[in-house]
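Colleague: Give me a close look at a single part, the interface, and then set it in its surroundings. Keep it brisk.

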Amino acid sequence: MFVPCDRGGGSAGPDFKGFILLMPAVSVGNVGQLAIDLVISTLDMTKVGYFYTDCLVPMVGNNPYATAEENSTELSINAEVYSLPSKKLVVLQIRSPFIKNKYRPFCEALLSWVKSSRCARVVLLSSSHAYQRDDEQLLGTPLRYLLTPDLEKAVGGHVKELNWKEMEKVASYPGISDTDKVLHIPGGGITKLLFTESCSEGIQMAVLLKFCSEGDNIPDAFVLVNYLNEWLQLIKSEVSTVQSKWKIPSSWRLLFGSGLPPALF
Amino acid sequence: MATFFGEVVVAPSRAGLDEEEEAREETPEDREIRREIEKKREIEVLWSGGVQQPLVCSRFIVAIGRNAAAFLSSFILDSVCWEVVGVVKLWNEWCRTSSTTNVLPTDSFCLFYRLISDPTVLLCQCSCYVAEDQQFQWLEKVFGSMQKKGLQVTILSTCPVADYKTQESTLTLVSPFLKALKTKEFQEQVCCPLLEQPNIVRDLPAA
């Protein structure tokens, strides 16, 4: 599944032992993916490979993080891997939706790759439909987290200090009070599947998600990436400044279409 | 999500979510149905008798979509210099192709031609729509029949102008409007400007 970039030198491929794998779920508002774009763009991460997979709709374009004419012509496809060894961070970006019936094969292949590349833990950025919140969830922070039992043991204490709110479980039959509580992440794409599989396979995984709706999700992406930063401290977070230091990639231009014809007015 | 008229609708998500299907566990009947549908959607690549496999190919030109296929028919293909060597047979909700090589321009087809004077030059006209779950299969089966060393691939396709994103309005674009994407291995001169961000290519040309 993982194809390393050919950087010459004939090495066997990058080693991610002990790294944190940061990745998005293709979810409502594409918030996870937008947040990952901010991380890759701000930290100026290097592409180290891609996933050759039949689970995602194909797409291709030129370098979405181009900053100048020289670096704008590198091709980019739907699932690519970037790394920043100085922070022991490897990032997967997913740029297109899943093909029907391919959620499970992708999750299986991904977790198998996580194990074979010896990543220490996985952090999944996701989102969930805001309109599915219950009365209590409508108040307070729209951000939630989840930790697999193995990660809970490792970082549970630190997360408690951050005062984060854990994603609530809901009754499997809403309206009937004494049924089992289950995890339900509407609009979360592969989030729930990946999380439950990680729990059963002993993988250290954290899910960070935000309740949101479709629309202009750039502000949601900023909120989510700042939430992530509270924990992983990827960039310096200055409390005094209102403006965050995340760099918007050049591919975010014209998100809502072309310019208007002057004849319209 | 409630609309102004009070009815509740499920808003389509840009993320292309189809969650309810995935959340349900598959029953044996579901699995059987899914397998039958998958079998029906399988792609077959049929090469004519005189063709040796793997095909030795130096240049492969693929025209995807009716416009690109018509371009090749009008300007390149003729029955004197080119011979039909293969066909792709597939079915999906939008179209069905058959194994016949005698096609009308209005049919859905996917044919392979070879230049008689240089049999390493291969051309493909794909006017049928290859669905997203079939694109990878098409790719693997077609390229799987070829020897890929030293192969140069050129893909011709069209996209609606409405999909093109630019600072100015799309009404002011010059015609013909050509853009290209190339891999870094392609060292030759490209005849038109490269596709700028944030525009992308999807479906079979992307695959």
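Modeller: Helices (H or I, at least four residues) and strands (E, at least two) are DSSP runs, numbered from the N terminus. By that count, chain B has five helices and nine strands. This is a predicted model: local features need pLDDT of at least 70, side-chain atom pairs count only at pLDDT 80 or more, and totals for chains, interfaces and linings use all residues. Residues are numbered from 1 along each chain as its sequence is written, chains are lettered from A and ligands numbered from 1 in the order in which they are written, and side-chain values use heavy atoms, with hydrogens and water left out.

Now the interface. Chain A brings 44 residues into contact with 42 residues of chain B; contact means heavy atoms within 4.5 Å. The two chains bury about 3500 Å² between them. Carbon and sulfur atoms account for 56% of that area. Buried area is the accessible area (1.4 Å probe) that two parts lose on being put together, summed over both. On the side of chain A, the residues that lose the most area to chain B are A:Pro58, A:Asn62 and A:Tyr103. Together they make up 15% of what that side buries.

What about charge pairing and polar contacts? The rule finds zero salt bridges across the interface of chain A and chain B. A salt bridge is a side-chain nitrogen of Lys or Arg within 4 Å of a carboxyl oxygen of Asp or Glu. Three residue pairs are in polar contact between chain A and chain B, both residues being at pLDDT 80 or more. A polar contact is a pair of N or O atoms within 3.5 Å; within protein, one must be able to donate a hydrogen and the other to accept it, and residues adjacent in sequence count only if both atoms are side-chain atoms.

Next, the elements. Strand 4 (59–62) and helix 2 (103–116) of chain A each supply at least two residues of the side that touches chain B. Strand 4 of chain A gives the most, with four residues. By residue class, the side of chain A that touches chain B divides into 20 nonpolar, 18 polar and six charged. Here Ala, Val, Leu, Ile, Met, Phe, Trp, Tyr, Cys and Pro count as nonpolar, Asp, Glu, Lys and Arg as charged, and the others, Gly among them, as polar.

Strand 4 of chain A also pairs across the interface. Its partner is strand 9 (residues 200–202) of chain B, in the antiparallel sense, over three bridges. Two strands pair if DSSP finds at least two bridges between them. A:Gly61 has B:Ile200 as its bridge partner in strand 9 of chain B.

Now the surroundings, starting with chain B. From the N terminus on, its elements run α-α-β-β-β-α-β-β-β-α-β-β-β-α. Of its 207 residues, 33% are buried. Buried means under 20% relative accessible area, exposed over 50%, partly exposed in between (1.4 Å probe, protein chains only). Among contacts in chain B with a separation of 6 or more, 68% join residues 24 or more positions apart.

One buried spot is B:Thr97, in the loop between strand 4 (82–89) and strand 5 (110–115) of chain B. B:Thr97 counts as buried because its relative accessible area is 4%. Its side chain reaches the backbone oxygen of B:Val88 at 2.8 Å. A polar atom of that side chain also lies 2.9 Å from the backbone nitrogen of B:Leu90. Beyond its neighbours within four places in sequence, B:Thr97 is in contact with residues including B:Ser108, B:Phe109, B:Cys110 and B:Cys128.

For contrast, take B:Gly50, in the loop between strand 1 (44–47) and strand 2 (55–56) of chain B. B:Gly50 is exposed, because its relative accessible area is 68%.

Last, the salt bridges. The structure holds 17 over all chains. In chain A, A:Glu74 and A:Lys47 meet at 3.5 Å, N to O. This pair links distant parts of the chain, 27 residues apart: A:Glu74 sits in the loop between strand 4 and strand 5 (75–77), A:Lys47 in strand 3 (residues 46–51). A:Glu74 is partly exposed at 35% relative accessibility, whereas A:Lys47 is buried at 11%. Both belong to a network of salt bridges with A:Glu80 and A:Arg95. In chain B, B:Glu36 bridges to B:Lys39, with the closest N and O atoms 3.8 Å apart. Both lie in helix 2 of chain B, three residues apart, about one turn of the helix.
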